[in-house]
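Here is a short tutorial on reading a protein model. A learner asks, and a teacher answers.

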Amino acid sequence: MCGIAGWVSYDCDLTRRQTSIEAMTATMACRGPDDYGTWIRRNVALGHRRLSVIDIEGGSQPMCTRTPGGTIAMVYSGETYNFAELRTELTGLGHLFRTTSDTEVVLHGYLQWGEAVADRLNGMYAFAIWDERTDELLMIRDRMGVKPFYFHPTRDGVLFGSEPRAILANSLVDRVVDLDGLRELVALCKPPGWAMWRGMREVEPGTVVTVSRKGIRTRTYWKLGPRPHTDDFPTTIATVRELMTDTVERQLVADVPLGVLLSGGVDSSSLSGLAASRIAGRGERLRTFSVDFVGHEENFQPDPMHPESDAPYIRDVVRRIHSEHHETVLSAAELGDPEVRRTLLAARGIPVGTGDMDVSLHLLCKSIRSLSTVVLSGESADELFGGYRWFHDEESVWTDTFPWLAFRKTMLSERTRMLDPSLVKRLDLPGYVGDQYATAVAQIEHLDGEQGKQARMRTISHLALTRFNRLLLDRKDRASMAAGLEVRVPFCDHRMVEYVYNAPWSFKAFDGRAKSLLHRATRHVLPESVRRRSKSAYPCVQDSAYAATLQQQVKEVLTEPGHQLFDLTDRSWAQRMTGLDPATMSFSERSALDRLLDFYHWIDLCRPQLQLT
């Protein structure tokens, strides 16, 4: 896992701009703490920060190879899980390799197949290739959008990076955020290509973006689409089990210590059980990691999102698989540390976090990093197998909007309560959400004759996998890479996504429970308690001391009346919130204080030029 950055300029001599590419690359230091490199020619400059995972000694970048027509140079972030098979195929075609890294395999794959190499990769990746034979840059991103990738067209080329801050480090870019950029910070619709900063775009998942002297063109090499599902129910269960086993085995390949994030839910527990079995075959013991809060289990209070504490279920899994378990226990003071918030905001670049849940995730990753460099995580299982409650709520399913917004009818009002009322009016969020929903639904393909509940559930699943899921993948990537930890997500294996997406909804919820299909396919590795457990969200702290910490920090912010924050937010609302009893403050009120502080530190760190008309 790494951080990449680059600049293509057809009218400028970039050999004179080395400090610029070095500044862009330096912003990616947390993503790649182990190595650094740049490669510069007249019209192109590439930068790379490396987190060494496979072939520690031989995988340095930028990686180059010479051809009769010119040099091919590449910067690569991510992992290709089928690199061993591709290496064997390429060797049979006459390719010679100097390293054992997956990066070199991808580079030689490009030499053999051109941009069609993307169709052959199984993994999570974002990489850029400069081809001197054509003076073209190719930017390629994985199918599910696990690894982030951004670009910004310029007058004579393009800037790109793993994160927006790499691009913002170049003086060519204006740091403008307008109403279009702000709307998505509240609405959570995740339109394809959205990047908040005006002029900047994401390389969309499953696409190849080619930059040449003629301009920029995009080709979609993969998209989520309908296929007939001809397997019966027992065969479907067996196939999901086989795909899960194969995917976990592929993603356990690393030349560094590896573990699994364990929450005690079916997603992480099934990964842990499958990984432990595979690791045991090597004569090793799996490491598992979890997070909790001081006094949380003893004083736990159930709520709709957290009906039960995770801790007892985690212990059941650890006992069953005999893992070496490590628990990170956090206090309210650690969660409320402004410097941790700033670290996360710098890494994410947008003030759209989830408060203490983001902080605890980052601190967990930071704790893990002292023991392991790579972990597996259960992201995307809920979107793929239908785990969220809105999949099973008829009103949310049949309402003409995004189901996560339909399920929590007050979500938009809760997310705007800290904003200036006149700004909320200008944002016109109902109109924005309606437009986004109509656009998203219009792009979903159905099988001929598909109708009724099956057609509607395909729509809901597609929205979950292509919109909601990308918000969570981005959250996990930024929180983990800010700690220099690589997180792999087996449920994003495109083979499994394609197969499960096309399985009938009646298979996925055959017994009326969430994620029935996943439960049945992995029950051989799950404790009985986990098989019975209800869905529980990522844990959040319940200690009122955290709310009190937020209130004190907001009081300090209020002493800066001229701060740009108050161009966006409602000062009088913030004053009222600081006077509430932290012990009785609702979760939504506390979350709004978190968002206000996110905006405050984001403005300080990123220095945006706000255009609010």
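The dialogue below starts with the whole chain and then turns to helix packing and one loop residue.

Q: What kind of model is this, and how many helices and strands are in the protein chain?
A: This is a predicted model. The protein chain holds 25 helices and 19 strands.

Q: How compact is the protein chain for its length?
A: Compare its radius of gyration with the globule rule. The radius is 24 Å, and the rule gives 25 Å for 613 residues, so the chain is as compact as a globular protein of that length. The C-alpha trace spans about 70 × 60 × 50 Å along its principal axes.

Q: What share of the residues count as buried?
A: Of the 613 residues, 62% count as buried. Contacts tell another part of the story. Among contacts with a separation of 6 or more, 73% join residues 24 or more positions apart.

Q: How are two packed helices described?
A: Two values do it: the angle between the axes and the distance between the axes. Take helix 17 (residues 429–442) and helix 18 (residues 452–481). Their axes lie 10 Å apart, at an angle of about 110°. That makes helix 17 roughly perpendicular to helix 18, because angles of 65 to 115 degrees count as such. Their crossing is right-handed.

Q: Which residues of helix 17 and helix 18 meet?
A: Helix 17 brings Q436, Y437, A440 and V441. Helix 18 brings R456, T459, L463 and R467. By class, this contact has four nonpolar, two polar and two charged residues.

Q: At what angle do helix 11 and helix 18 cross?
A: Helix 11 (residues 356–368) crosses helix 18 at roughly 45°, and the axes come within 8 Å. The two helices are therefore oblique to each other. This crossing is right-handed.

Q: Which residues make the contact of helix 11 with helix 18?
A: From helix 11 come M357, D358, L361, H362 and C365. From helix 18 come R475, K476, A479 and S480. The classes here are four nonpolar, two polar and three charged.

Q: Where is K223 found?
A: Look at the loop between strand 13 (215–220) and helix 6 (233–251); K223 is there.

Q: Is K223 buried or exposed?
A: Check the relative accessible area. For K223 the value is 54%. Exposed means over 50%, so K223 is exposed.

Q: How far apart are K223 and P205 in sequence and in space?
A: Sequence and space are separate readings. K223 and P205 are 18 residues apart in sequence. From C-alpha to C-alpha, K223 and P205 are 8.3 Å apart in space.

Methods
Residues are numbered from 1 along each chain as its sequence is written. This is a predicted model: local features need pLDDT of at least 70, side-chain atom pairs count only at pLDDT 80 or more; totals for chains, interfaces and linings use all residues. Side-chain values use heavy atoms; hydrogens and water are left out. Axes are lines fitted to C-alpha atoms, for helices over the stretch in contact, and angles run from 0 to 180 degrees between N-to-C directions. Helices (H or I, at least four residues) and strands (E, at least two) are DSSP runs, numbered from the N terminus. Angles under 35 degrees count as roughly parallel, over 145 as roughly antiparallel, 65 to 115 as roughly perpendicular and the rest as oblique. A crossing is left-handed if the near helix is turned anticlockwise from the far one by less than a right angle, and right-handed if clockwise. Contact means heavy atoms within 4.5 Å. Ala, Val, Leu, Ile, Met, Phe, Trp, Tyr, Cys and Pro count as nonpolar, Asp, Glu, Lys and Arg as charged, and the others, Gly among them, as polar. The radius of gyration is taken over C-alpha atoms; the globule rule is 2.2 Å times the number of residues to the power 0.38. Buried means under 20% relative accessible area, exposed over 50%, partly exposed in between (1.4 Å probe, protein chains only).
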